[in-house]
Amino acid sequence: MSQKNRKITIPVSLGYGVTDIMGGGAFTVIGAWLLFFYTTWVGLTPMQAASIVAIARIVDAVVSLFMGSITDHFYKTYFGKKFGRRRFFLLAGAPLMLVYALLWVNGMSYGFYLTVYLAFEIIAAMVLIPWETLPSEMTRDFNSRTKLSTCRMFLSASGTFLATFIPGLLIHHFGEDNPHAYLINGIVFAVLFMVCVFISWKVTWERELTPEMLAELERVVPQATLVERLVSVLALFKEYASTLRVRAFRKHLAIYLLSFTAKDIYNTVFVFFCVYCLNISAALAGTLLSMSIVGLPVTLLAGVAIIRYGPARLYTFAYSLMLLCLVGLLMVYQFPGDYNVALLVVLAVLYQVGRCVLEFTPWNVFPFIPDIDELITRQRREGLFAAVMTFSRKTTIAVATFMVGMLLQAGGFIKGSQTQPESAVQTIAIMLFAGTAGLLLLALWQALSFHLNKQTHKIFVDEVDRLKISGAERHAAPEIRKVVEDLTGHSYDKLYAEFTQPGQHLTPHK
């Protein structure tokens, strides 16, 4: 679908963003409840439950690497020409979302849960990787991309709220000792995810094919030999590694992985912490997690703040607030009292404000990374960057989840038991406080030197367009050279020499 005469309106932005009800909602439920469900009701040990997530996500991480390249080149296929190189995967993935409900069926084998979870992770990657590239496909304008990302994160916050509120509501309704609440929750969300992905397919579009792409479609390519295919696979991995040549992406990736893994550890351990360390019900734990509803107004405010203050200040605010809440939770744990429930609600609200800003910021930054890469490689590689982020994220989730399961089991956690030994209780508390806080502090350290924002992006894009139009004019102002070198991590003179090689013709940004 051509992007000519198409504008990024609020309805379009909302239609694009609804898929993150799945992206935010599904993995929030999984992170908060899956290990608890498997160890409490299914009868798996912590190691078995954690290994399901770890194995599936490691396999899925490898699949995700190839998905980025597949979507970048899918325009050459029949379905890519007919439905779009990115959007085809949304159309195909929508009905497959129903697999999600099978995760919450009780009484099945370890192999069943591993197979179903692996299938869902691959389906989710098939949808989310091409979907994440669409802001770069639909527009190059900073404010328009921010509008898309803000609506996306607003709806992600909605999905996070639903994913924490509905399970707690169902557990309270059916009772703490009834596993059917989890299955009903899975069915409701599976249908919702299917509808959301279909809506995003319907309202989005892709940029027109470049002259180079059209010329490639006309070219007759002979059948590749086995050796040539192996060489192409190795070349693909080399391309993935080349994304780390971009300094802004290296820092962005470090911030993203450290902070999101900290959030994952908190989500995974929180229900265990509430039930076994604070001795409150799973339903109340779900209520505390559902304070994520504050993410709805916070996301809108963050959309304004990121334009005005830039990502670095939002990161600092989010991490500082979350660290403060962790200190508060530690005080509640160490000094129990009658005021605990009210204090827990306050801490939960403040934590969710920080978490929302943490989740909002990286995906508002991501669409601008390929613009920086273009100066280095003279290519548009949105799918490649999305795949690297997804691969890295899923790998760290796998490792973190497996570590949580391993530490729970090493700490003496007893599957299916309503009470736990003191060693298990202390292990849960240490993971919540030390694990989450340590990663947040590392993310904050990286964020303080991250300089990509609206102002530096405009300076960068204007300079790239100047070089495209009049590459012979070598001299650039010192402040421009500084921005270019800071964001790319390369010498301006070297970039200039490579970018203005004879025969290179690129279309200026619009």
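**Close-up views of helix H2 and its surroundings**

**View 1. Helix H2 as an enclosed, kinked element of the predicted model.** Because 23 of the 24 residues of H2 are buried, this helix is largely enclosed by the rest of the structure. In this predicted model, helix H2 spans residues 19-42, and its end C-alpha atoms lie only 30 Å apart, which falls short of the 34 Å that a straight helix would reach at 1.5 Å a residue. A kink of about 45 degrees is present in H2, and its centre is at Trp33. After the helix comes Gly43, a residue with a positive phi, near 95 degrees.

**View 2. Ile30 and its contacts.** Ile30 belongs to helix H2 and has a relative accessible area of 4%; since buried means under 20%, this residue counts as buried. When residues up to four places away in sequence are not counted, Ile30 touches Leu35, Arg57, Tyr100, Leu103, Trp104, Tyr117 and Phe120. Thr268 is 238 residues apart from Ile30 along the chain, yet the C-alpha atoms of the two are separated by 8.4 Å.

**View 3. The largest nonpolar core, with Trp33 and Tyr38 among its most connected residues.** The largest nonpolar core comprises 165 residues, and those with the most contacts inside it are Trp33, Tyr38, Tyr100, Trp104, Phe273 and Tyr319. Helix H12, which covers residues 247-277, gives the most to this core, contributing 19 residues. Trp33, listed here for its contacts within the core, is also the residue on which the kink in H2 is centred. Tyr38, again leaving aside residues up to four places away in sequence, touches Gly43, Leu44, Ala49, Ile52, Leu103 and Tyr113; of these, Gly43 is the residue with positive phi that follows H2.

**View 4. The largest cavity and its lining.** The structure holds 5 cavities of 30 Å³ or more, and the largest cavity contains about 570 Å³ of space. This cavity is lined by 32 residues, of which Gly23, Phe27, Lys263, Arg393 and Ile397 are the closest to its centre. Two or more lining residues come from each of the elements H2, H3 (46-73), H6 (110-132), H8 (142-174), H12, H16 (340-365) and H18 (382-410). The largest share of the lining, 8 residues, is supplied by H2.

Conventions: Residues are numbered from 1 along each chain as its sequence is written. This is a predicted model: local features need pLDDT of at least 70, side-chain atom pairs count only at pLDDT 80 or more; totals for chains, interfaces and linings use all residues. Side-chain values use heavy atoms; hydrogens and water are left out. Helices (H or I, at least four residues) and strands (E, at least two) are DSSP runs, numbered from the N terminus. The expected span of a helix is 1.5 Å times one less than its number of residues. The bend at a residue is the angle between axes fitted to the seven residues ending there and the seven starting there. Buried means under 20% relative accessible area, exposed over 50%, partly exposed in between (1.4 Å probe, protein chains only). A nonpolar core is a set of buried Ala, Val, Leu, Ile, Met, Phe, Trp, Tyr and Cys residues joined through side-chain atoms within 4.5 Å. Contact means heavy atoms within 4.5 Å. On a 1 Å grid over the protein atoms alone, a cavity is a set of points where a 1.4 Å probe fits but cannot get out, and a pocket is an open set with protein on both sides within 12 Å along at least five of seven lines; lining residues have an atom within 4 Å of a point. Grid points are joined across faces, edges and corners, and a volume is the space filled by probe spheres set on the points.
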